[in-house]
Amino acid sequence: MIQIQQVRKTFKTGSIMFDAVKSADLAIGQGETLGLVGESGSGKSTLGKMLIGLENPTEGTIMYKGADLWKKRKFKSPRPGEIQTVFQDPQSSLDPRMQVKDIILEPLYALSLAERKEKGAKERLIYLMKRVGLKEEHMDRYPHEFSGGQRQRIAIARALITDPQFIILDEPTSALDISVQAQVLNLLKELKREKQLTYLFISHNMSVIRYMCDRVAVMYKGKIVEIGPVNTIFENPKHPYTKILLSSLPSLFQNSKEKITFAEPTEMNGDSSGCVFYQKCPFRSDICLSNPGLKQTSANHSFSCHFV
Ligand SMILES: Nc1ncnc2c1ncn2[C@@H]1O[C@H](COP(=O)(O)OP(=O)(O)OP(=O)(O)O)[C@@H](O)[C@H]1O
Ligand SMILES: [Mg+2]
């Protein structure tokens, strides 16, 4: 469904140029949930934003169902509303001055998919509010009158109103407490099955990733350092950074007995041409100053490390 090929995103602040995403290659199959995990600032949201037109790639191509999303560097949406997003913080992503009904319906009007008076839109609103676990009478309220979990349900209904096929979920439950988190994750799973959705699921929580995803891509400093089926990544991680991410989990979630941690950062900078993990890798050696490339262990599992 989606093919990201050698995508780079360079930001310029003042005179400093910096790659938030460096040459990312990634494919997402129809009906799959691909997890994207990595530390804060590794470029996960930037990658997601390029899939919905909020950021433009500096280099590379992004194909959606065989069509270039950024043809001639201009974002060309497939059917309007076919790609949707749900962001982390429903507090800031929902307009506090709008009633819930207008928040949920807004994408339809913004994309000229329905006229404000159209009866079908109202019926769809009521159906979706109920489907995500809200009550019809909630529609005249404002976001501050809801709990965090309910606000995220509003955001999900808003994403679903355009009948999307692909949804980018950017830390959709990170702001919620643990019991509410589970309810919202289950809702997302049910909706996916029911509506045959495809998800890009961004999170830094490995347990949530394991619960939700079919495959996982691990990002570090703008690069995908490992990608594979969720069970392979959890049971047989290859990249040292993936191993460190897993080491921090309760033993319930990982089989690896190996306990490894970040190395003291070195002065030497392996970033520009070598391995992105050089500075903090416990196994680094001189060879890591050159780019390890992406190696494949099996059909579905690739990683970027000179060792292993
Ligand atoms: N519009 C922008 N202008 C300049 N720099 C930006 C911009 N957006 C993001 N960045 C930088 O790009 C890097 C990647 O940011 P991004 O938001 O993609 O990270 P992330 O992996 O989603 O992190 P988090 O887990 O904290 O959400 C960060 O260093 C960030 O400061
Ligand atoms: Mg982010």
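This report covers the paired strands and nonpolar cores of a predicted model.

Local features need pLDDT of at least 70 and side-chain atom pairs count only at pLDDT 80 or more, while totals for chains, interfaces and linings use all residues. Residues are numbered from 1 along each chain as its sequence is written, chains are lettered from A and ligands numbered from 1 in the order in which they are written, and side-chain values use heavy atoms, with hydrogens and water left out.

**Strand E3**

Start with E3, residues 33–37. Strands (E, at least two residues) and helices (H or I, at least four) are DSSP runs, numbered from the N terminus. Buried means under 20% relative accessible area, exposed over 50%, and partly exposed in between (1.4 Å probe, protein chains only). In E3, 5 of the 5 residues are buried, so the strand is largely enclosed by the rest of the structure. Thr33, Gly35 and Val37 point one way. Leu34 and Leu36 point the other way.

**Strand E7**

E7 spans residues 166–170 and is mostly covered, with 5 of its 5 residues buried. Phe166, Ile168 and Asp170 point one way from E7. Ile167 and Leu169 point the other way.

**Pairing**

Two strands pair if DSSP finds at least two bridges between them. The table lists four parallel pairs, each with one facing residue pair.

| Strands | Sense | Bridges | Residue pair |
|---|---|---|---|
| E3 and E8 (residues 198–203) | parallel | 5 bridges | Leu36 and Ile202 |
| E3 and E9 (residues 215–220) | parallel | 4 bridges | Gly35 and Val216 |
| E6 (residues 83–86) and E7 | parallel | 4 bridges | Val86 and Leu169 |
| E7 and E8 | parallel | 5 bridges | Ile167 and Tyr199 |

E8 thus appears twice: it is joined to E3 and it pairs with E7. A helix also links E7 to E8. E7, helix H6 (residues 178–195) and E8 make a right-handed β-α-β unit. Right-handed means that, with the strands pointing away from the viewer, the path from the first strand over the helix to the second runs clockwise.

**Nonpolar cores**

A nonpolar core is a set of buried Ala, Val, Leu, Ile, Met, Phe, Trp, Tyr and Cys residues joined through side-chain atoms within 4.5 Å. The largest has 61 residues. Ile104, Ile154, Ile156, Leu160 and Phe201 touch the most other members.

What does Ile104 contact, leaving aside its neighbours within four places in sequence? Contact means heavy atoms within 4.5 Å. Ile104 is in contact with Leu125, Met129, Ile154, Ala157, Arg158 and Ile161. A second, separate core has 27 residues, including Leu26, Trp70, Ile168 and Leu200.
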